[in-house]
Each structure stands twice: as structure tokens, then as C-alpha cells.
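User: Please take a close look at the ligand site in this structure. I would like to know what surrounds the ligand, and how the strands of the protein are arranged.

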Amino acid sequence: MSFSSLGLSEPLLKAVAERSYTTPTPVQVAAIPAVLRGADVWASAQTGSGKTAAFALPILQRLAAGHRERGRFVRALVLAPTRELAAQIGESFRHYSRHLPEPVKVLVVYGGVSINPQMMALGGGADVIVATPGRLLDLIDHNAVSLSAVSTLVLDEADRLFDLGFADELNRILTLLPVRRQNLFFSATFPPEVQALATALLRDPVRIEVAAAPATAPDILQRAIEVDPPRRTQLLRHLIEENKWTRVLVFVATKYATEHVAEKLRKAGIGATAFHGELSQGARTQALAAFKASKVQVLLTTDLASRGIDIAQMPVVVNFDLPRSATDYTHRIGRTGRAGESGLAVNFVSAGTHAHFALIEKRNGFSLPREQIAGFEPEELEVPADPTGGIKGKRPNKKDKLRAAAARAAGQTPVAPVAKEKKFSWPRVR
Ligand code: AMP
């Protein structure tokens with residue numbers, strides 16, 4: 001199967017060739033002809049599957065063939081959950097459109113930065129807008145843009161749009177769109193609310209299921225290493241040095257931990273930087289750029305970066321803290337092993353998170369052997385389940401409860417008090 005057999009025009013094929021893609025991915029094979037003939041699409045596909053090109057290429061071809069609207073109108077609207085994903089999609093549209101005979105105006109709009117330049121850029125409308133929902137509504141409220149001429153709507157990572165609480169914004173945007181339009185719906189998972197929206201939105205859609213999602217693709221080697229929580233930073237450092245990892249994405253549970261672990265690694269002479277939602281947009285862009293340009297070796301992040309961010313050649317992902325859910329696990333490890341490259345996903349599992357990891361394994365249908373690294377063998381034993389989150393043998397005080405609630409919110413079994421307070425230690429049994 002080749003791109004040219006999918007019905008794409010020469011200028012688009014040229015842009016694809018410049019990206020050195022030789023064969024279309026399964027989602028591209030299924031989606032491109034369907035989008036070209038104007039059908040709605042229901043695709044369960046995630047980042048890493050090649051889904052951006054699967055909608056961007058045929059949309060561009062249809063736009064190039066259609067007539068141009070004048071004024072504040074938009075012809076294709078792509079909604080994405082995060083700024084980073086929006087920026088990436090915009091970049092793809094721009095790249096693929098570079099050889100089209102008429103220039104295609106692509107705008108990316110997202111919150112967290114000043115609205116004025118975006119309003120200025122919107123003067124005269126745009127062929128394609130890639131937007132996060134909140135900022136798009138702000139622009140509509142400022143009369144900077146009208147959605148009444150949108151001919152194609154793309155919801156990208158629809159499940160994530162819901163996860164991030166965009167349901168109300170999404171509903172409002174949908175009421176502003178013309179009734180007759182093409183809808184392309186991409187989501188990694190279909191929980192009930194996403195399924196309901198897809199059903200309501202799509203007319204006789206072409207359904208696409210991408211069989212090998214990145215998480216289950218055989219080219220991601222997954223490992224589970226047992227380690228006590230207080231020794232994780234040292235173990236991480238050891239693994240980086242021992243294996244000569246040059247680019248590592250490390251997931252931790254909190255924004256604080258991104259900074260804290262980054263700081264500890266820097267002190268150990270490893271280039272590390274934090275990436276989280278409380279950084280300014282400038283700082284986020286800078287952190288990502290430094291990581292992409294290999295100026296820093298380790299990027300410490302929360303789940304913010306688990307989806308959407310496309311970093312070519314991400315050989316190693318480490319779950320320093322385990323993700324909250326089996327789905328988040330899929331998204332996190334989907335950062336590696338992208339588009340045919342091999343990847344490694346390493347999980348740090350402790351006595352306290354052992355049961356949680358077993359659940360992630362079960363839900364995702366895999367089971368990993370537990371490894372121990374010489375010098376980092378765990379000493380803590382499994383913490384008995386205690387619904388109050390307290391420590392067995394000790395009535396939880398207010399601090400314990402707060403800590404347990406925070407740990408629960410971060411998806412971690414609360415083991416920190418045991419290690420930190422050293423009120424008692426578990427007996428060692430071998
Ligand atoms: P996406 O799922 O759209 O985020 O794409 C994941 C990655 O795969 C991006 O780095 C794309 O540039 C790359 N990619 C997309 N299509 C292909 C293809 N047909 N062959 C190789 N790489 C591709």
C-alpha cells in the first residue's frame with residue numbers, strides 16, 4: 001500500500017515524501033479515502049498511530065478543491081485538548097500544505113497566552129483553525145471568528161477533551177456549527193460520555209479501529225522494577241548512567257515532584273528539566289524545545305505530557321510514579337515506540353503500589369516479571385490495604401488523612417508516611 005494509491009494529489013504526496021513516510025499507517029489507509037469522499041469518521045486511534053496525517057491530508061485536499069470563504073469564516077475546525085497537541089497539529093497542516101498551488105491559512109489558537117495576537121491573526125478568517133475549546137469560545141465572544149461556514153469538524157483526542165473538563169465548551173461550540181458538515185472523531189478510548197457524543201455527532205460514519213495501539217505494539221519493551229520509593233531517584237540516575245540513556249521522559253505524580261526530582265538529578269550532574277501545567281507557556285515551550293534539541297537529557301512531567309506531545313525518537317519512558325489508570329498507562333507509554341521505532345517503558349513498582357500495578361497489568365492484558373536491580377533491592381513489604389489510608393496499628397491523624405487523600409488523588413497508594421516518619425518499620429522477612 002502506498003500513499004499515492006489513497007487518492008491524494010501530487011502536492012500533498014510531495015509533502016508526505018519530504019517527511020520520509022514510505023507506507024501509510026493503518027489509520028491513514030482507512031481514513032484518507034473516507035475523508036476525501038466526505039464521509040464522517042469514527043476512529044479509535046491514538047497519538048502515535050499517524051492519525052494527524054490521516055485527517056490533515058484529506059482535509060487539505062478538500063479545502064484546496066473547494067471555494068474560499070471571505071471574512072471571519074473558518075472552513076475546517078480541529079479541536080484538541082492541549083496547547084501542545086494543537087501546536088503539533090497546526091505544524092502538520094502547515095507542512096502538508098506547503099506545495100499546494102494556493103496557500104492555506106492555518107491558525108493555531110490556545111489559552112495561556114495573550115489573546116490579542118490571535119485576534120489580529122484571525123482578521124480575514126482562516127482555512128483551518130486548530131484550537132483548544134476555551135480559547136476558541138473567547139475568540140467567538142470577541143467576534144473574532146465565526147463558525148458558521150465550517151465544513152469539516154475534527155475532534156482530536158475526544159476522550160481527553162472530556163477528561164480535561166471541556167464538555168460544556170464542546171457543547172457550546174457544537175451549537176455554533178452549521179448542521180451540514182463533515183465530522184471526524186478521533187479518540188483513544190470510548191467511555192460512555194465519549195461514545196454518546198460520537199453517536200450524536202456522526203452520520204453513518206466509517207468506523208476505524210486501529211488494532212495495534214502503541215501500548216500493545218510489540219516494539220515497546222515494558223519492564224517493572226521493584227524499588228522502595230525513597231530510592232527511586234538514585235535508581236533512575238543509576239539506570240540512566242548504566243544504560244547510557246540519552247533522552248528519557250519521566251512521569252511523576254505531582255508538579256512539585258517534577259521540580260524536586262529534576263533538581264536532584266541536576267545536582268547529580270544529569271541535565272533534567274520539569275514540565276507541568278503551572279509553568280508559563282513560555283517556560284513550557286522552552287522546556288520542550290530544550291528536550292527536543294537534546295539540550296536536556298531528562299524531562300520530568302506529570303500526565304500533562306502523556307498525550308499528544310510528539311517527540312521523535314523517545315527511546316525511554318519511565319513511570320517513576322505509576323499512572324492513575326490503565327488508560328493513562330497506555331497514553332504514557334505510547335510516548336515511546338512511535339511510528340515503528342522501538343521503545344522502552346520502565347515502571348517503578350514499590351510494596352505500596354504493587355497491587356495498583358497489578359490492576360493496570362490486568363486491565364491492559366499483560367503481565368510483567370518483577371525485576372530487582374543489584375544495590376536497589378526493596379526492603380519495604382507490601383502495605384496492607386487500609387481504606388482510611390492510614391497506617392496499620394496507628395489511628396490516622398488529620399495529617400495522615402490529608403496525605404492519604406493527596407496520595408489517592410495522585411493515584412498512589414500512601415506509603416510515604418511509613419518511610420518518612422519512621423514511626424515504625426515493617427519486619428524484614430525473606
Ligand atoms: P500522530 O499519531 O499523528 O501523532 O503521528 C505519530 C508520528 O508518526 C508522528 O511523528 C508522525 O510524523 C509519524 N507518522 C505519521 N504517519 C507516518 C507514516 N505513514 N510513516 C511514518 N511515520 C509517520
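Analyst: In this predicted model, a nitrogen atom of the ligand sits 2.8 Å from an N or O atom in the side chain of glutamine 28. Tyrosine 21 also takes part through its side chain, where an N or O atom is 2.4 Å from an oxygen atom of the ligand. With lysine 51 the backbone is involved: one of its N or O atoms is 3.3 Å from a ligand oxygen atom. The protein buries 83% of the 500 Å² that the ligand exposes when taken alone.

The shell around the ligand consists of 16 residues. Tyr21 and Gln28 are among the closest, together with Gly48, Gly50 and Thr52. Sorted by class, the shell has 9 polar, 4 nonpolar and 3 charged residues. Both domain 1 (3–210) and domain 2 (219–371) supply at least three residues to this shell.

Next, the sheets. One is an open sheet of 7 strands, paired in parallel and ordered E3-E4-E2-E5-E6-E1-E7. Its edges are strand E3 (106–109) and strand E7 (206–209); each has a single partner strand, so one side of each has no neighbour in the sheet. From one strand to the next, the twist averages 15°. Within this order, strand E2 (residues 74–79) pairs with strand E5 (residues 152–155) in the parallel sense, over 4 bridges. Valine 78 has valine 154 in E5 as its bridge partner.

Another open sheet of 7 strands runs in the order E10-E11-E9-E12-E13-E8-E14, and its pairing is parallel. Here strand E10 (272–275) and strand E14 (370–371) are at the edges, and because each has a single partner strand, one side of each is left without a neighbour in the sheet. Strand E9 (residues 248–251) is paired with strand E12 (residues 316–319), in the parallel sense and over 4 bridges. Opposite valine 250 stands valine 318 in E12.

To return to the site you asked about, the polar partners of the ligand include the side chains of tyrosine 21 and glutamine 28 and the backbone of lysine 51, in a shell to which both domain 1 and domain 2 contribute.

Methods. Residues are numbered from 1 along each chain as its sequence is written. This is a predicted model: local features need pLDDT of at least 70, side-chain atom pairs count only at pLDDT 80 or more; totals for chains, interfaces and linings use all residues. Side-chain values use heavy atoms; hydrogens and water are left out. A residue is near a molecule or strand if one of its heavy atoms lies within 4 Å of it. A polar contact is a pair of N or O atoms within 3.5 Å; within protein, one must be able to donate a hydrogen and the other to accept it, and residues adjacent in sequence count only if both atoms are side-chain atoms. Accessible areas come from the Shrake-Rupley method with a 1.4 Å probe; for residues, only the protein chains shown count as cover. Ala, Val, Leu, Ile, Met, Phe, Trp, Tyr, Cys and Pro count as nonpolar, Asp, Glu, Lys and Arg as charged, and the others, Gly among them, as polar. Domain bounds come from an automatic or database domain assignment. Two strands pair if DSSP finds at least two bridges between them. Helices (H or I, at least four residues) and strands (E, at least two) are DSSP runs, numbered from the N terminus. Axes are lines fitted to C-alpha atoms, for helices over the stretch in contact, and angles run from 0 to 180 degrees between N-to-C directions.
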